[in-house]
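Thanks for making the time this morning. I would like to walk you through one structure, slowly, and mostly by way of its charged side chains and one of its sheets.

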Amino acid sequence: MIDSALIEAVKKRLNDAGRVAVLTGAGVSAESGVPTFRGTGGLWKNFRAEELATPGAFARDPELVWQWYNWRRNELKALKPNPAHTAIAAMEEAGSGFRLVTQNVDGLHALAGSKDIVELHGNIWRSRCTGCFEIKENRELPPELSDIELPYCAKEGCGSLLRPDIVWFGEALDQGVLTRALEAIDSAELIFVVGTSAVVQPAASFAMRGKEMGAYVVEVNPGDTPISDYVDTRFQEKAGVVMPLFI
Ligand code: NAD
Ligand code: ZN
């Protein structure tokens, strides 16, 4: 049962707050059919994401890593934003002091209409050159997913191998992106933490950092997380059910 008085109280905070941040993780896309990493259905050919989304895996076997990303992009291409993505986009529309920080790479926030998105971990629909670092949109898929022809940079004089524009396990976040995320968190009066297991750093520490800076923190997650006991309010429900109630 969702406590409607609590919903109203958070809604009032949302309307009164000058600055609001929403931090999302894989759980916000679960109702769109995107498997989370920590949960069932996240496996590909018996590999765990942590074994493929690493610079070491790409150095050892770039074909395997590209095959996995092509498989993931193929799984994602028909998926649609869900009511949680739509509600978050509506929050941005409603207020000027709104910031969205996501760990997701699936592009669904943008599809739902969110405009100013801090993508902490990159975007699966972009590739990045390992030589000249140029970033390009990458929506093409091979006709047969098992066929893999490695992609190379088309820029004259470069020709280096392309990689997904994703921050892999063990890699540092882009400094500019991290700065924008921390600005959003540090200045927020109200922070929603939606569908994140709060174990992947540095995003895992953002909510508690925001709370220390004086923000009121609301967690939306059907499961327990390391921050559940410390937030100001929690809704132990699906994001697609709760987030639209604040609009
Ligand atoms: P996670 O997989 O570690 O945790 C998902 C969390 O979502 C869990 O706490 C779970 O209880 C919760 N959840 C599940 N269904 C939910 C729902 N309907 N509503 C609200 N919450 C729900 O995800 P994470 O914390 O984002 O960390 C995983 C890392 O993997 C991130 O770095 C992310 O970049 C990446 N990842 C991204 C995607 C994506 O782009 N959609 C998918 C899988 C993993
Ligand atoms: Zn290049």
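Asp116 is partly exposed, with a relative accessible area of 25%, and please keep in mind from the start that what you are looking at is a predicted model. Where does Asp116 lie? It sits in the loop between helix H7, residues 108-112, and strand S3, residues 117-119, while Arg180 belongs to helix H8, residues 175-187, so the pair ties together parts that are 64 residues apart in sequence. The contact itself is a salt bridge between the two side chains of Asp116 and Arg180, at 2.9 Å from N to O. Arg180, for its part, also counts as partly exposed, its relative accessibility being 36%.

That is one example from a longer list, since a search of the whole structure finds 14 salt bridges.

Let me turn next to Arg234, which counts as partly exposed at 26% relative accessibility. Arg234 forms a salt bridge with Asp224, where the closest N and O atoms are 2.8 Å apart. This pair links distant parts of the chain, with Arg234 in strand S9 and Asp224 in the loop between S8 and S9, 10 residues apart. Asp224 counts as exposed, at 64% relative accessibility.

Arg234 also forms a salt bridge with Glu219, and here the closest N and O atoms are 3.9 Å apart. Again distant parts of the chain are linked, Arg234 being in strand S9, residues 233-235, and Glu219 in strand S8, residues 216-220, 15 residues apart. Is Glu219 buried or exposed? Glu219 is buried, because its relative accessible area is 2% and the cut-off for that word is under 20%.

Now to the sheet. It is an open sheet of 3 strands, in the order S5-S4-S6, with antiparallel pairing. Strand S5, residues 135-137, and strand S6, residues 162-166, are the edge strands, each of them pairing on one side only. From one strand to the next, the twist averages 45 degrees.

Looking more closely at one pairing, strand S4, residues 122-129, and S5 run in the antiparallel sense and pair over 3 bridges, and Arg128 stands opposite Ile135 in S5. Helix H5, residues 62-76, packs on the sheet, where it touches S4 and S6, and its direction makes about 145 degrees with that of S4.

Arg128 brings us back to the charges, as salt bridges that share partners join Glu119, Arg126, Arg128 and Asp165 into one network.

Technical notes:
Residues are numbered from 1 along each chain as its sequence is written. Chains are lettered from A and ligands numbered from 1 in the order in which they are written. This is a predicted model: local features need pLDDT of at least 70, side-chain atom pairs count only at pLDDT 80 or more; totals for chains, interfaces and linings use all residues. Side-chain values use heavy atoms; hydrogens and water are left out. Two strands pair if DSSP finds at least two bridges between them. Helices (H or I, at least four residues) and strands (E, at least two) are DSSP runs, numbered from the N terminus. Axes are lines fitted to C-alpha atoms, for helices over the stretch in contact, and angles run from 0 to 180 degrees between N-to-C directions. Contact means heavy atoms within 4.5 Å. A salt bridge is a side-chain nitrogen of Lys or Arg within 4 Å of a carboxyl oxygen of Asp or Glu. Buried means under 20% relative accessible area, exposed over 50%, partly exposed in between (1.4 Å probe, protein chains only).
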